[in-house]
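This report looks at strand pairing, at selected residues and at the nonpolar core of one protein chain. The sequence and the structure come first, and the discussion follows.

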Amino acid sequence: MKRTLIALLCISAVMLTACGDDSSSSSRSSASSSKTTTAAAKTTKSTEADDKTTTEKAEETPPADLSFVLPADAVDPDLSKDDPSDDSIRFTYDSDGRVESYKYDAGDKSFIVSYVYKESDVQIYAYSGEIVVAYEKFSLPEFDPDGGFTTHEGFFFKGYKF
């Protein structure tokens, strides 16, 4: 009888320990979930605070002077040359010989002007750093690879007579 009682006590102890593990595991899981939720809430609050600080800084910082100066108003290259690049302006060309881009300075600002040719028009983007400061779109006359340089509304072209 003593042995049966000891066996029953051992079985009971094992069962209680197993039940305790399940409930403590469940409690740990619940506590872990609660910690995760709390951490997520703190992160959200932190992100909202960072966004507010960034917005406040942006409102406090005055915008940079992004006024655009047309290329023809800023520089005066010799357009009679095949490549009028000089110290004031540097041209690049596409495979057809058309102006692809150029870089020039106007006062203390530097600009890059880039041309995107479509079938019958050109889109011109002017950048100051990484910011687009001007955009123009012009219908194009017929291209003549021997046409030389010209200006149109302050921009330089090669092979087009407007």
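## His 152 and its surroundings

In this predicted model, His 152 has a relative accessible area of 18% and is therefore classed as buried, since that value is under the 20% cut-off. His 152 lies in strand S6, which covers residues 149-152, and, when neighbours within four places in sequence are left aside, it is in contact with Phe 138, Phe 157 and Phe 162.

## The S6-S7 hairpin

Strand S6 pairs with strand S7 (residues 155-158) in the antiparallel sense, and four bridges join the two. Within this pairing, Thr 150 has Phe 157 of S7 as its bridge partner, and Phe 157 is also one of the residues that His 152 contacts. Two residues stand between the strands of the hairpin, where Glu 153 takes a positive phi near 50°.

Is Thr 151, which is also placed in S6, buried, partly exposed or exposed? Its relative accessible area is 36%, so Thr 151 counts as partly exposed, a class that lies between the cut-offs of 20% and 50%. Leaving aside neighbours within four places in sequence, the contacts of Thr 151 are Ala 72, Leu 79 and Phe 156. For Leu 79, the separation from Thr 151 is 72 residues in sequence, whereas the C-alpha to C-alpha distance is 9.0 Å.

## The five-stranded sheet

Five strands form an open sheet with antiparallel pairing, in the order S1-S2-S3-S4-S5. Strand S1 (89-93) and strand S5 (131-139) are its edge strands, each of them pairing on one side only, and from one strand to the next the twist averages 15°.

Inside this order, strand S3 (residues 109-117) and strand S4 (residues 121-128) are paired in the antiparallel sense over six bridges, and Val 113 stands opposite Ala 126 in S4.

## The largest nonpolar core

The largest nonpolar core holds 23 residues, of which Tyr 102, Val 113, Tyr 115, Val 122, Ile 124, Phe 155 and Phe 157 touch the most other members. At least two residues of this core come from each of S1, strand S2 (99-106), S3, S4, S5 and S7. In soluble globular proteins, nonpolar side chains tend to be buried together.

Tyr 102 gives a closer view of this region: not counting residues up to four places away in sequence, it touches several residues, among them Pro 71, Ile 89, Arg 90, Phe 91, Phe 111 and Ile 112. Val 113, Tyr 115 and Phe 155 are also among the residues that Tyr 102 touches, as is Phe 156, which is in addition a contact of Thr 151.

Technical notes
Residues are numbered from 1 along each chain as its sequence is written. This is a predicted model: local features need pLDDT of at least 70, side-chain atom pairs count only at pLDDT 80 or more; totals for chains, interfaces and linings use all residues. Side-chain values use heavy atoms; hydrogens and water are left out. Buried means under 20% relative accessible area, exposed over 50%, partly exposed in between (1.4 Å probe, protein chains only). Contact means heavy atoms within 4.5 Å. Two strands pair if DSSP finds at least two bridges between them. Axes are lines fitted to C-alpha atoms, for helices over the stretch in contact, and angles run from 0 to 180 degrees between N-to-C directions. A nonpolar core is a set of buried Ala, Val, Leu, Ile, Met, Phe, Trp, Tyr and Cys residues joined through side-chain atoms within 4.5 Å.
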